[in-house]
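Open the model in your viewer and show it as a cartoon. The stops below say what to select next and what is there.

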Amino acid sequence: MNDDIKILKDKYPPYTQIKLSHMLDKSAPSTGTIGIVTDVDDIGTIHMQWQNGSTLGLIEGIDDFEIVRKPYKTKAHINSLGGQTDEITVLQQVGDNDYLVDYKGVKCHAIFNSFVCEYYADDLYTVVKEDRQ
């Protein structure tokens, strides 16, 4: 993999939320559409899952878009550890206080307790199984 592609993959990891401003494609989603990065391939196309159902990819430098939110690492109380803390990656917010997180390769749900400013991840009962086609 060349350095330019590695930079793109680091800049746009999966679950990065993107807002579209303009795309040079007649079947492009409308301006303001939000999407989630699914992958960056080896030629630099940023593969997307748009909120309107489209999967049309982006090309940095050609299409106009902005990053709304990137996944981030933080500490959380982990159910399988009896409440001890460990590092998680918050991938996206999916509800009012429901977050999709990754804990050591397991995607599961977490909540954020605003009174103590801590996440609680349930890697036992709220595991998200991904469709493999």
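Helices and strands here are DSSP runs, a helix being H or I over at least four residues and a strand being E over at least two, numbered from the N terminus. With that counting, the protein chain reads α-β-β-β-β-β-β-β-β-β along the sequence. The model is a predicted one.

**Whole chain**

Start with everything selected. The protein chain has one helix and nine strands. Its C-alpha atoms fill a box of roughly 50 × 35 × 30 Å along the principal axes. Of the 133 residues, 34% count as buried.

**The open sheet**

Select strands S1 to S4 and colour each one separately. What is the order of the four strands in the open sheet? Going across, the order is S3-S2-S1-S4, and the pairing is antiparallel. At the edges are S3, residues 46-50, and S4, residues 64-69, each of which pairs on one side only. Neighbouring strands of this open sheet are turned by 45° against each other on average, with direction ignored.

Now keep S2, residues 34-40, and S3 on screen. Five bridges join these two antiparallel strands. To find one of the contacts, pick Val-40, whose bridge partner in S3 is Ile-46.

**The barrel**

Hide the open sheet and show S5 to S9. These five strands make a closed barrel in the order S5-S6-S7-S8-S9, and the pairing is mixed. In the barrel, neighbouring strands are turned by 55° against each other on average, direction ignored.

Begin with S5, residues 72-78, and S6, residues 85-95. They run antiparallel and are joined by six bridges. Select Tyr-72 and look across to Val-90, its bridge partner in S6. S5 and S6 form a hairpin with six residues between them. In the turn, click on Gly-82, which has a positive phi of about 70°.

Move on to S7, residues 98-103, and S8, residues 106-113. Five bridges join S7 to S8, and the two run antiparallel. Tyr-103 stands opposite Val-106 in S8.

Then turn to S5 together with S9, residues 118-127. Three bridges join S5 to S9, and here the strands run parallel. Ile-78 and Ala-121 in S9 stand opposite each other.

**Two loop residues with positive phi**

Most residues other than glycine have a negative phi. The next two selections depart from that.

Select Lys-104, in the loop between S7 and S8. Lys-104 has a positive phi of about 50° although it is not a glycine. Is Lys-104 buried or exposed? Its relative accessibility is 65%, and because the cut-off for exposed is over 50%, Lys-104 counts as exposed.

Next, select Cys-117, in the loop between S8 and S9. Cys-117 also is not a glycine, yet its phi is positive, at about 55°.

**The cysteines**

Stay on Cys-117 and add Cys-108 to the selection. Cys-117 has a relative accessible area of 56% and is exposed. Cys-108 has a relative accessible area of 0% and is buried. How many disulfides does the structure hold? The number is zero.

**The largest pocket**

For the last stop, bring back all strands and show a surface. The largest pocket holds about 260 Å³ of space. Select its lining as sticks: Pro-14, Tyr-15, Ile-36, Val-37, Thr-38, Gln-49, Leu-91, Gln-92, Leu-100, Asp-102, Lys-107 and Glu-130.

Which elements give two or more residues to this lining? They are S2, S6 and S7. The largest share, three residues, comes from S2. S2 has already appeared as a strand of the open sheet, while S6 and S7 belong to the barrel.

Finally, colour the lining by residue class. Six of the lining residues are nonpolar, three are polar and three are charged.

Key: Residues numbered from 1 in each chain as written. Predicted model: local features only at pLDDT ≥ 70, side-chain atom pairs only at ≥ 80, totals over all residues. Heavy atoms only, no water. Pairing = 2+ DSSP bridges. Axes fitted to C-alpha atoms, helices over the stretch in contact; angles between N-to-C directions. 1 Å grid on protein atoms, 1.4 Å probe; cavity = no way out; pocket = protein on both sides within 12 Å on 5 of 7 lines; lining within 4 Å. Points joined across faces, edges and corners; volume = space filled by probe spheres on them. Nonpolar A, V, L, I, M, F, W, Y, C, P; charged D, E, K, R; others polar. Disulfide = S-S within 2.5 Å. Buried < 20%, exposed > 50% of the residue type's maximum accessible area, 1.4 Å probe, protein only.
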